Amino acid sequence: MLLNWKSLITVYSIVLLSLTGFSQVETPQLSPRCNFTQTVGLTNITVDYSRPSKRNRIVFGNVVPFDKTWRLGANKNSTIDISEDVYFGADTLTKGEYALFAIPGEKSWELVFYKETSNWGTPDTWDESKVACRLKAQITPLTIPFETMTIAIDDIGTKGATLNISWDEVRVSYPFTLQTEDQVVKSIASVMAGPSASDYYKSAKYYLAEGLDAEKALVWITKAIEMRGESAYWMIRVQAELYANVGKYDQAIAAAKRSLEAAKKSDSARYVDMNEKSIIEWSKKK
């Protein structure tokens with residue numbers, strides 16, 4: 001009986017060890033991740049990076065060597081995602097997501113926007129064709145050191161801002177501008193021009209599906225077809241169905257025939273079949 005108890009204790013110990021082996025010890029990250037989105041004008045700029053700290057070390061020329069490509073930050077690549085084109089003087093950074101690399105020098109930095117964002121650190125093989133933009137800036141010495149590396153968007157206006165990178169006793173600044181006025185003008189023109197063909201079509205289709213005011217929906221779908229043209233067989237099909245719903249079968253058949261011909265030209269077998277069946281069905285109701 002004693003042997004059985006020892007066996008049970010042994011088994012219990014093994015099970016306990018196996019269960020605890022799946023647990024993980026959590027410790028603070030030395031370079032915690034930071035993610036922020038800043039809106040400048042009508043453009044959203046999202047920065048995602050890890051923030052290393054000085055921790056009583058000499059940073060530049062030591063932790064971060066001079067004149068060598070450095071993943072800006074720590075751990076996985078730092079990234080920046082811009083929703084519209086950004087202009088750094090004569091250099092254009094087109095909208096999209098980029099990894100951020102830097103080449104720190106004693107007096108100036110080079111900032112590199114790289115199209116491949118999935119690296120952990122610098123790429124094993126650097127591909128210059130993936131460089132979207134290179135920027136140079138003189139360093140600004142700081143009288144009060146930054147303990148933790150900080151990427152910030154400052155000096156925010158409606159037409160631009162400044163991308164600042166600060167760590168230890170160094171700051172580099174990259175002012176940029178935006179075409180905010182063009183964005184606003186386009187937005188105003190779009191709204192003032194009124195609903196699009198797609199807006200009219202979606203509204204009419206919703207009214208058709210929900211059995212709402214068919215006469216009003218007919219006005220909308222007619223405007224959509226006028227704007228989109230007679231090739232829009234899917235819109236003309238909605239017009240045909242709405243005519244049928246209000247008992248105007250002659251107009252429904254005429255619209256179905258127009259939709260049928262346009263569908264044939266676009267090789268849309270489904271709409272060809274639907275229209276042919278509807279023409280037969282509605283002809284019997286005249």
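Hi everyone, let me start with a single residue: D273 is partly exposed, with a relative accessible area of 35%. Before I go on, please keep in mind that what you see on the screen is a predicted model.

So who does D273 pair with? Its partner is K277, and the two side chains form a salt bridge with an N to O distance of 3.3 Å. Both residues sit in helix α7, and because they are 4 residues apart there, about one helical turn separates them. K277 counts as exposed, at 54% relative accessibility. That value is over the 50% cut-off for exposed, whereas D273 at 35% falls in the partly exposed class.

Staying with charges for a moment, there is also a network. Salt bridges with shared partners connect E110, E128 and R134. Please remember E110, since we will meet this residue again in the sheet.

How many salt bridges are there altogether? The count comes to 11. As a general reminder, side chains of opposite charge can pair when their charged atoms come close.

Let me show you two further pairs from that set. One of them is D168 with K54, where the closest N and O atoms are 3.1 Å apart. This pair links distant parts of the chain: D168 belongs to strand β10, residues 160-177, while K54 is in the loop between β2 and β3, and the two positions lie 114 residues apart in the numbering sense of being that far apart. Are these two buried or exposed? D168 counts as buried because its relative accessibility is 8%, and K54 counts as buried too, at 19%. For K54, note that the cut-off for buried is under 20%.

The other pair is K248 with E215, a salt bridge at 3.7 Å from N to O. K248 is in the loop between α5 and α6, and E215 is in helix α4, residues 214-228, so this pair ties together parts that are 33 residues apart in sequence. Here K248 is partly exposed, with a relative accessible area of 31%, and E215 is partly exposed as well, at 40%.

Now, on to the strands. I'd like to use β7 as our anchor, so please find residues 96-104. β7 is mostly covered, with 7 of its 9 residues buried. Which strands does β7 pair with? Among its partners is β3, joined to β7 by 2 bridges in an antiparallel arrangement. In that pairing, W70 has A102 of β7 as its bridge partner. Then comes β4, residues 79-82, which is also antiparallel to β7 and is joined to it by 4 bridges. There, T79 stands opposite A99 of β7.

β7 also pairs with β8, again antiparallel, through 6 bridges. The connection between β7 and β8 is a hairpin of 3 residues. A99 shows up once more here, standing opposite Y114 in β8. And this is where E110 returns: this residue of β8 stands opposite I103.

What about β8 itself? This strand covers residues 108-114, and 6 of its 7 residues are buried, so it is largely enclosed by the rest of the structure. β8 runs antiparallel to β9, residues 131-154, and 7 bridges join the two. If you want one pair to click on, take W109, which stands opposite A137 in β9.

Let's leave the strands and look at helix α2, residues 180-192. As a quick check on its geometry, its 13 residues at 1.5 Å a residue should span 18 Å, and the end C-alpha atoms are 18 Å apart, which agrees. Just after α2, G194 takes a positive phi of about 90°.

One of the residues in α2 is V184, which counts as partly exposed because its relative accessibility is 33%. V184 also contributes to a nonpolar surface patch of about 500 Å², together with L42, I188, V191 and M192.

Last stop: S268. Where does S268 sit? Its place is the loop between α6, residues 249-265, and α7, residues 269-283. S268 is buried, with a relative accessible area of 12%. Leaving aside residues up to four places away in sequence, S268 touches Y233 and A263. And with α7 we are back at the helix that holds K277 and D273, where we began.

Thanks for listening!

Technical notes:
Residues are numbered from 1 along each chain as its sequence is written. This is a predicted model: local features need pLDDT of at least 70, side-chain atom pairs count only at pLDDT 80 or more; totals for chains, interfaces and linings use all residues. Side-chain values use heavy atoms; hydrogens and water are left out. Buried means under 20% relative accessible area, exposed over 50%, partly exposed in between (1.4 Å probe, protein chains only). Contact means heavy atoms within 4.5 Å. Patches are made of residues with over 30% relative accessible area and no salt bridge: like charges are joined within 9 Å, nonpolar side chains (Val, Leu, Ile, Met, Phe, Trp, Tyr) within 5 Å. Accessible areas come from the Shrake-Rupley method with a 1.4 Å probe; for residues, only the protein chains shown count as cover. A salt bridge is a side-chain nitrogen of Lys or Arg within 4 Å of a carboxyl oxygen of Asp or Glu. The expected span of a helix is 1.5 Å times one less than its number of residues. Two strands pair if DSSP finds at least two bridges between them.
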